[in-house]
Amino acid sequence: MAFNDGKASVLHDFEQTLHFPPATCTFEELADSNRTGEQITLHGYLGTRRDASKTLTFAELRDIKLASTIQLVSSLASTSNAGVPAHEALRRLTTHSPVAVTGTLQPRKAPQKPSEHASGLITSAELRLESIVPLNAFPEDIIMAPETVFQADQRHLQIRNEPSLREALSFRSRAAHIIRDELCDKHDFIEIETPLLFKSTPEGAREFLVPTRVPGMAYALPQSPQQYKQILMASGIPRYMQIAKCFRDEDLRADRQPEFTQVDLEMAFASGEDVMRTVESVIQRLWVDMLHQRAMPESFPRMLYHEAMSKYGSDKPDLRLASEIHRVDYVLPVDLISKIGPLASPAVDIMKIPISEDPSATMTFVDSFMDSPEAQPFINNSHGQPGIFVIDSRKPLQGMQVFGFEAAEQVEELLALEDGDLVVLQARPNTPFSGGSTPIGNLRLALHKAAVKEGLLLAPTGFAFTWITDFPLFSPITDAEPGQGGAAGLASTHHPFTSPKTPADVDLLLTDPLSVVADHYDLVVNGVELGGGSRRIHNAEMQKFILQEILKISDERLGDFAHLLEALRAGCPPHAGLALGFDRLIAVMLGKESVRDVIAFPKTGRGEDAMVKSPTRMTERQLETYHLKLIEAK
């Protein structure tokens, strides 16, 4: 019987929440007008409560955005609320419970400081409570205070308790609106949704497969809408855009998620220059409208891939940092080069970082850094450890005795050295640059970060944009990336649909594929790649040649691209496009370290959703339905 009474109570309590009075105004409207003496109804969440006496209670009501607060004043004189006096009902409710309240606005007698939860406060009026309708109860076993730190498995409470998270999600929404407005309304793009259930094709990243009930058959989630948007170009769509979901089964880090969002666009009868100008207008609009930047450059500077790698050791350089890298093996003594590392005839790079004017302070910093975990990748570099020197005018050759007089003099002139400067020497293979960074480029960033943390250098500020262009069209295959699975030992640096840049590069395909320059461009700001794009191969026979003759993929895998080749064969016009990483873009704009801070429900570093506990183990019945069988890992 007690169980039935409990069920009846649950049903009764729920019934009371089905019909509640609509809000007659918002908190913003209250702040913008004088409605003193007017009866109004507001929706929101209860904040802190203070019982002044048995007959008088003050409480905060936070609006539905959890941004502004108004004070409620309740006394025993408050009217009845479904048989319970409103005053008594208020005092029964827990903080953070959602409610609908009705009362009369009256002048605030003693303006009160808002709680730490509230970012805004209406101080000109307070609400004398007449009726309160509880819409749910916040449990007493959950402690929520401004200083409470919730774990990832309570993401809903993280969002609710941290204004910065809610603000980031709101900022993200407004940014998406501006992007659509700029592209669709200003540049005549058409927003088109492309399928999420795609097919497995060797584009370069590992895919997530979706099994079907047909034995042996599976979809693949798209790494990007790349092939669909090229098909749209063959379909007579002049300009396509989409804020698209993409999926890649790759190792995770702060700026990567297994599912992510990108601003995807493609333009027919266009070159890379057309795409870059269009993207610049989008970025400029975002920075002016949302970050209130007054002075944005009309166009962003350009830098060749080779220049970025040689000067900064990165294909996404942070130009706000000084410390350019210089190649110096031509000035160094042969015996010094032989001591740097095990490589024969290496290229040797050098850079300086002005850590401090005091050599002893710089040396203390160096010792601390080299003892830290951050230094281990550089110490264990198979091409040799970095040579680190601290400039000290009190020592012979300023502490660069091993260079010899002539080389030390040339290095001093090249780097304009001063006391306390940190000088780093690093060997690398004397081969063309490939990949995204060099060891000395990574060390440059690590040392700057450590010096900022120690208060020896100021944190860089502002935004430094640049386009990185002229990437190699192909790169040697590495164990870390699957490439396109061809037999040539090569992989497309960007993806296999990227066009060579010039007629001379087309000719090089037959003799020296690794020297071919791609019509590929990345937009970089502050050491972060915001997005990348390229001019595409619009000719079916040329696309087939790249796949079959250069990458040497199998006939079976070539057949996976039959749909794209057929579309290109149908008179597809020249086209180019780009994808901006939307999560990364928002993180950069808000100064967040991780994209997880701008995603409502991100995955952890292990690719798991800690709140809903995904992925989950498949049941025997599911395995049977999809004709799958688990095998033990070897």
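The following exchange between a trainee and a mentor works through a predicted model, domain by domain and element by element.

Trainee: Into which domains is the protein chain divided, and how far apart do the C-alpha centres of domain 2 and domain 3 lie?
Mentor: The division gives domain 1 (21–134), domain 2 (166–301 + 468–620) and domain 3 (321–459). Between the C-alpha centres of domain 2 and domain 3, the separation is 36 Å.

Trainee: Which strands stand at the edges of the open sheet formed by β14, β15, β16 and β17?
Mentor: The four strands follow the order β14-β15-β17-β16, with antiparallel pairing. Two of them have a single partner strand each, so one side of each lacks a neighbour in the sheet, and these are β14 (326–327) and β16 (387–390).

Trainee: Which residue of β15 stands opposite H326?
Mentor: β14 pairs with strand β15 (residues 347–354) in the antiparallel sense, over two bridges. Within β15, the residue opposite H326 is I350.

Trainee: What angle does the direction of helix α13 make with that of β15?
Mentor: Helix α13 (residues 439–453) packs on the sheet and touches both β15 and β17. Its direction and that of β15 make an angle of about 15°.

Trainee: Why do the buried residues of α17 line one face of the helix?
Mentor: In helix α17 (residues 562–569), the buried residues are L564, L565, A567 and L568. Seen down the axis of α17, they line one face because they fall within an arc of 160°.

Trainee: Against which elements do the buried residues of α17 pack?
Mentor: Three of the partners are written as helices and one as a strand. The buried residues of α17 pack against α6 (226–234), α15 (540–550), α16 (555–559) and β23 (575–581).

Trainee: Are α15 and α17 roughly parallel or roughly antiparallel?
Mentor: The two helices pack at an angle of about 150°, with their axes 8 Å apart. Because angles over 145 degrees count as roughly antiparallel, the arrangement of α15 relative to α17 is roughly antiparallel. The contact is made by A540, Q543 and K544 of α15 together with L565, L568 and R569 of α17. The relation asked for is therefore roughly antiparallel.

Trainee: How many residues of strand β2 are buried, and which residue in the turn between β2 and β3 has a positive phi?
Mentor: Strand β2 (residues 56–62) is mostly covered, with six of its seven residues buried. Seven bridges join β2 to the antiparallel strand β3 (residues 68–75). The two form a hairpin with five residues between them, and the turn residue with a positive phi, of about 55°, is L66.

Technical notes. Residues are numbered from 1 along each chain as its sequence is written. This is a predicted model: local features need pLDDT of at least 70, side-chain atom pairs count only at pLDDT 80 or more; totals for chains, interfaces and linings use all residues. Side-chain values use heavy atoms; hydrogens and water are left out. Domain bounds come from an automatic or database domain assignment. Two strands pair if DSSP finds at least two bridges between them. Contact means heavy atoms within 4.5 Å. Axes are lines fitted to C-alpha atoms, for helices over the stretch in contact, and angles run from 0 to 180 degrees between N-to-C directions. Buried means under 20% relative accessible area, exposed over 50%, partly exposed in between (1.4 Å probe, protein chains only). The arc is that of the directions from the helix axis to the C-beta atoms. Angles under 35 degrees count as roughly parallel, over 145 as roughly antiparallel, 65 to 115 as roughly perpendicular and the rest as oblique.
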